[in-house]
Structures are given as structure tokens and as C-alpha cells.
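Please open the model in your viewer with the backbone drawn as a cartoon, and keep the selection panel at hand. The stops below go from one selection to the next, with a word on what is to be found at each.

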Amino acid sequence: MGRKNSVNSRKLMIIKIISIGNRLNTWEQDSVNFYLKQLPKNLKIEFVNLKSRQNPNYSESEVIKKESQSIMSKLSKDDFVIAFDMNGDQICSKKFSDLIFDYLKSYKTIIFVIGGSFGLSSEIKDNSNKVLSASLFTFPHRLFRLILVEQIYRAHTIVSNMPYHK
């Protein structure tokens with residue numbers, strides 16, 4: 001119970017989701033908003049959607065490099081950065097909750113990075129505080145943003161001892 005009160009009484013907590021790809025369509029945005037509306041007012045999720053650099057004139061490595069530069073320009077040394085990569089660590093929702101709320105105590109912002117269809121550069125992964133794998137499945141990027149927001153909401157319910165997570 002003490003943990004619940006300390007989370008809800010905290011100052012503004014910011015989570016940014018940086019992703020390569022298109023903006024969400026209407027049903028996807030409605031689904032994301034369903035979870036955003038249920039979060040406490042002091043937990044703010046911001047989305048930074050960066051344009052894919054795929055082009056028939058660029059090789060896969062050129063695309064990854066250009067997208068990496070775009071992502072790196074949005075990061076600060078004061079942020080706690082979590083990148084998603086299929087070779088990253090797999091953790092359960094409870095450990096994900098602990099990870100988020102433990103690091104929000106020490107960092108102003110947590111940033112989740114979702115790469116383009118060719119993935120993330122080693123530079124991004126090497127400069128991230130954590131590299132996680134959500135699954136060995138491949139997800140559409142727009143759907144993965146919804147999954148991530150749901151997991152952030154789930155993390156909030158776990159740390160707040162709410163009945164959503166079973």
C-alpha cells in the first residue's frame with residue numbers, strides 16, 4: 001500500500017515512445033487512447049513518430065544508419081533509454097513494471113525506442129540503458145505501439161495494486 005501512495009503522489013513522470021513508421025490510423029489511435037485515459041495524470045506518454053528512411057536508392061545498412069541518426073537526435077544523456085530488439089532480454093510484466101517505476105525515480109524521462117523494419121543500429125543498442133525483446137514474433141510497428149502502451153498501463157496497475165493484472 002505504501003508503494004501505491006508514493007507512485008500516485010509523485011511529480012510528473014514522462015515516458016516517450018520513439019518509433020520509426022507511420023502515424024496510427026483511427027482504430028489504432030482509439031485503442032491507444034483507451035489506455036492513456038486510464039493512466040494517472042502525473043504519468044505522461046509522448047509519442048515521437050519518425051519517418052522511415054526506406055528508399056530503393058538506399059541499402060539496408062544506409063536506411064538503418066539514417067534512421068539511427070534521426071533517433072539519436074531525439075535522445076539526451078539524462079534519459080533512460082530502452083530499445084526493443086529481438087535479441088534483447090525478455091522479461092515478464094511484473095519485472096517490466098518494476099523496471100519502469102524504479103527508473104522513473106532516478107530519471108526525468110524513460111524513452112522506448114522502436115526501430116524501423118530493418119531494426120536498430122548497434123549504435124542505438126549500445127547506447128541504450130536496456131535492450132528488451134517483447135517477443136520472438138515480428139509485430140507491425142503500429143500494433144507494437146499499442147502493445148507497449150497496454151504494457152505501460154499494466155505496469156501502472158501492478159505498481160498501484162489494481163486488479164487489472166492477474
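Which residues point one way from strand 4, and which point the other way? This is a predicted model, and in it T109, I111 and V113 point one way from strand 4 while I110, F112 and I114 point the other way, all of them being buried. In a regular strand the side chains alternate between the two faces of the sheet. Strand 4 is accordingly a good selection to begin with, since six of its six residues are buried and the strand is mostly covered.

**The sheet around strand 4**

Next, show the five strands together, which form an open sheet in the order 2-1-4-3-5 with parallel pairing. Strand 2 (43-50) and strand 5 (130-132) stand at the edges, and because each has a single partner strand, one side of each is left without a neighbour in the sheet. From one strand to the next, the twist averages 25°. Strands of a sheet pair through backbone hydrogen bonds, either parallel or antiparallel.

Now add strand 1 (residues 13-20) to the selection of strand 4 (residues 109-114): the two run parallel and are joined by six bridges. Along this pairing, I17 stands opposite F112 in strand 4, and S19 stands opposite I114 in strand 4.

Then exchange strand 1 for strand 3, which also runs parallel to strand 4 and is joined to strand 4 by five bridges. Here F80 stands opposite I110 in strand 4. Strand 3 (residues 79-89) is largely enclosed by the rest of the structure, because eight of its 11 residues are buried.

**Helix 3 across the strands**

Select residues 60-72 next; this is helix 3, which lies across strand 1, strand 2 and strand 4 and runs at about 160° to strand 1. Helix 3 has 13 residues and reaches 18 Å from its first C-alpha to its last, which is close to the 18 Å expected at 1.5 Å a residue.

If you show its side chains, which residues of helix 3 are buried? They are V63, I64, E67, S68, S70 and I71, and because these cover an arc of only 160° around the axis, they are on the same side of helix 3. An α-helix has 3.6 residues a turn, so residues three or four places apart point the same way. The buried residues of helix 3 pack against strand 1, strand 2, strand 4 and helix 5 (122-126), whereas the face turned away from the buried side carries the exposed residues S61 and K65.

Stay on helix 3 and pick S70, which counts as buried because its relative accessibility is 12%. Leaving aside its neighbours within four places in sequence, S70 is in contact with L50 and R53.

**A loop before strand 1**

Move from there to L12, in the loop between helix 1 (2-8) and strand 1. Not counting residues up to four places away in sequence, L12 touches K41, N42 and K44. If you also select L104, you will find that L12 and L104 are 92 residues apart in sequence and 9.6 Å apart in space, C-alpha to C-alpha.

**Where two helices cross**

Select helix 4 (residues 93-103) together with helix 6 (residues 141-159), whose axes come within 8 Å and cross at roughly 80°; helix 4 is therefore roughly perpendicular to helix 6. To see the contact itself, show S93, K94, F96, S97, I100 and F101 of helix 4 along with L148, Q151, I152, R154, A155, H156, I158 and V159 of helix 6.

**The segment after helix 6**

The last selection is N161, found in the segment after helix 6. Is N161 buried or exposed? N161 counts as exposed, because its relative accessibility is 51% and the cut-off for exposed is over 50%. Its backbone also merits a look, for phi of N161 is near 55°, a positive value in a residue other than glycine. Most residues other than glycine have a negative phi, and most peptide bonds are trans.

Methods. Residues are numbered from 1 along each chain as its sequence is written. This is a predicted model: local features need pLDDT of at least 70, side-chain atom pairs count only at pLDDT 80 or more; totals for chains, interfaces and linings use all residues. Side-chain values use heavy atoms; hydrogens and water are left out. Two strands pair if DSSP finds at least two bridges between them. Helices (H or I, at least four residues) and strands (E, at least two) are DSSP runs, numbered from the N terminus. Axes are lines fitted to C-alpha atoms, for helices over the stretch in contact, and angles run from 0 to 180 degrees between N-to-C directions. Contact means heavy atoms within 4.5 Å. The expected span of a helix is 1.5 Å times one less than its number of residues. Buried means under 20% relative accessible area, exposed over 50%, partly exposed in between (1.4 Å probe, protein chains only). The arc is that of the directions from the helix axis to the C-beta atoms. Angles under 35 degrees count as roughly parallel, over 145 as roughly antiparallel, 65 to 115 as roughly perpendicular and the rest as oblique.
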